[in-house]
Structures are given as structure tokens and as C-alpha cells.
Amino acid sequence: MSWSHKVGYVVGVLVTLALVCQARVHSHGGFVRTEGTCFVLDGSYSFFNGFNSYWMMHVAAEPNERYKVSNTFREAADAGLSMCRTWAFSDGGDRALQISPGTYDERVFQALDFVISEARRYGIRLILSFVNNYKDYGGRPQYVEWARNAGVNVNGEDDFYTNPTVEEYYKNHVKRVITRFNTITRIVYKDDPTIMAWELMNEPRCQADSSERMVNGWVQEMASFVKSLDKNHLLEIGMEGFYGDSMPEKKVNNPGYQVGSDFISNNLIKEIDFTTIHAYPDIWLSGQNESAQMAFMQRWMQSHSIDSKGILKKPLVMAEFGKSSKDQGYSFGARDKYLSTVYQSMNNFESTGGGISGSLVWQLMAEGMDSYGDGYGIILSQDASTRGVISAQSHKMTTFRHMLLGRKHGKSVP
């Protein structure tokens, strides 16, 4: 494509974005806000390219390993990445933040303090998740087990969503994190704009109620609770994006199954500020070829982009996606091609009036972290070609932001 055509394409995209966001922009003192389907930061439209590094607090709990956190933030910032999603939980087990309900390891909390302070140092904002759906790092299973050990009558993991004792455990943890005084920055978490958003749970699922009503009730209660404690920060659920019973005609977009959540009804809750999707066609459609998986990926992004704009009227973030080294035929080149295609698809959706306002690749790691490897790890200092793909997307997001800002102030677009 010629340079003139590239400029024309970008300008057309930006005009569309401006219309979608409805041009209502105000200054909010450093906290990220939403305006329609866009994020706004300090009076300007904000589009971000980011990453996941769930392991940061766990690694930082050992002071002699903290350089891995610093190196990852530094390399990410050098690649233009401006957002990181990570865990603000570790329930029971090794290097636990919450040793038992209401009992915390100050050493591990100081590790989370460090993660936030380093993100601030490198100009990267954070999405912090409160709990896991899975047993890794405790999660729902640990909360239910704590209740069972306390003599509470619980039947299984899905009681997490309805049992009053377990709900109180969760609320106590949320309050403890939100009101935490950072021993390094000297800022209470709820007052720190380094944190962009809270996440209720990583990938909420429920086997006991496939209709999504159980999860929906829990989201409503906990979202209201979070907002009662903190009106500064945005809030999202942590959803993968599966459609449910509220609009059954949309289930055709699912990868052949449901997980007890509903992208539409769950995200319609007014306290939820933006929507998220995760995408792992290599796992969800493991029996299909790469072409079919990519076709699903593009439908998945497009469908949720349209629904976030037309039905939910909230920004959409692609909060997890990646290419696993465990996939058949994997190579660095195949990963680069996959990421490039995903990024290009996201950018193309903007030209049709939809759009994904941010993306978080899964996942960035530092050197010497083989024990944390899950096949999706990217080490920017070692993977120059992948770093180039990610940096190029960061540059596009920055260009979108700057050109929209120019249009807002009546400047011509070069």
C-alpha cells in the first residue's frame, strides 16, 4: 500500500473513531475514564497496546528476583506497551498473599507494592485481578475449601458465587487490596492512577448454572461493592466472552460450548465500565486446522466488537490472546504472523465503526523463568522479530491517539 493510501486509510479510521466516541472529552486528573466506546485519559482518547504478566507479585515476593519484574516493565515500555494485567491474589500455597481468610503475608503485599511502583516508574498502567476461577494460586477452590474447613456447609466450587461466608471472604480481600497503603509510593491503591482498573475474577465460569444467572447475580453484588469502595478506578469482570441465554441466537459464535457466563447480560450491569474477551482458538478448537482457527478468531473479535458498540455501548478490550509453542507447526515466524493478523484485524474493525480499544497479549516474561512457561511466553529481549510486531502495533495505537487529539483541537492531519 502506498504512503498516500496508508494516510488516507488512517484518517478514515480516525474520523470513524471520533464519531463512535461522540467527542465528549473532559480532563479527569490522571485516572482513565470511558466515553461511549472509548477510553479517555487526561482529556484525550486513549488506545493501548498491552500485555499480561500474571506472575509479577509472586516473583517479586523474593527480593533477589525483583529484577525480572523491572526488566519486563522496561522492555515492555521500550516496545511501546502501556498496559499490564496481573494478579492481585495468591490464596494459600507457595508465597501466598492471603494465607487464610483475612490473614495476609506483609512480605507478599510489599511485593505487590513493588510491582505497582515499578509500573509507575516505567509509565505502564495496571489491571489488577482479585481472584482466579481456577485452583492456580488458590482461586475459587481455595475459598470454598476455607469455608469447608471452618465448618460451613458447602457442596462445591460453584458455592463461591452464593455462599454468604465465601462471599464475605471475597469482599474482605477486595477491601484489603483496594484500601492498601503502598509502602513504596506512599499512595493508597484506590487513589493511585497507575492502576487503570480492577478485575472481579480471571475467567469466571460456573458448572452449576449454565444459564449465567448465578454468575450474573454475583457480578452485580460484587461490582456494586467495589464501586462503593472506589469510584476512581474502572471495573471489568474478567470474562472470556462466551454468549449465553440472554440472546441465544448469538451462541452460534461460541466455540461449541458455554461456561455459565453471558457476555451480554453480565456486561450490561451498569457498574461494569468496559468489556473483555479472551481468545484461544488453538485450545478451544484444537481439532481444527490453523485456517479454521483464525477464521473463528476474526469472527469472535468482530462479533464482540459489534455488540460492545451497539448493545453494551462500552469499550472492548481483547484481554488475552497468544500463540503457543505447543501448537503443531509452531515457529517464531508462525507466532509473528498470527499476532500480526490479530492486530491487523483489530485495526480493520475500526474502519467499520466498531473497534477494540485495547489488547493484552498473553504473556510477557523475563529471562530465566522457565518454571512459569506455559507455551505462550514472549521474552522481548530474546525475540526480536516478535518485539517488532508488538512495537509496530504500539506505534499504531499512539498514532490513533495523537491524530484524534489533533482533530479535537482543530489541527490538520498531516
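**View 1. Pairing of strand β4 with strand β13 in the predicted model.** Strand β4 and strand β13, the latter spanning residues 358-362, pair in the parallel sense over five bridges. Within this pairing, F51 of β4 stands opposite V361 in β13. The model shown here and in the views that follow is a predicted one.

**View 2. Pairing of strand β4 with strand β5.** Strand β4 also runs parallel to strand β5, which covers residues 83-87, and three bridges join the two. Here G50 stands opposite M83 in β5.

**View 3. Burial of strand β4.** Strand β4, formed by residues 48-52, is mostly covered, with five of its five residues buried. Both faces of the strand are covered, since F48, G50 and N52 on one side are buried, as are N49 and F51 on the other.

**View 4. Helix α5 and the elements against which it packs.** Helix α5 extends over residues 139-149, and its buried residues are G139, R140, P141, Y143, V144, W146 and A147. These buried residues of α5 pack against β6, at residues 98-100, and against α6, at residues 164-178. Just after α5, G151 takes a positive phi of about 90°.

**View 5. Two cysteines, C84 and C206, in a structure without disulfides****.** C84 has a relative accessibility of 0% and therefore counts as buried, while C206, at 4% relative accessibility, counts as buried as well, because the cut-off for a buried residue is under 20% relative accessible area. A search of the whole structure finds zero disulfides.

Terms used:
Residues are numbered from 1 along each chain as its sequence is written. This is a predicted model: local features need pLDDT of at least 70, side-chain atom pairs count only at pLDDT 80 or more; totals for chains, interfaces and linings use all residues. Side-chain values use heavy atoms; hydrogens and water are left out. Buried means under 20% relative accessible area, exposed over 50%, partly exposed in between (1.4 Å probe, protein chains only). Helices (H or I, at least four residues) and strands (E, at least two) are DSSP runs, numbered from the N terminus. Contact means heavy atoms within 4.5 Å. A disulfide is a pair of cysteine sulfur atoms within 2.5 Å. Two strands pair if DSSP finds at least two bridges between them.
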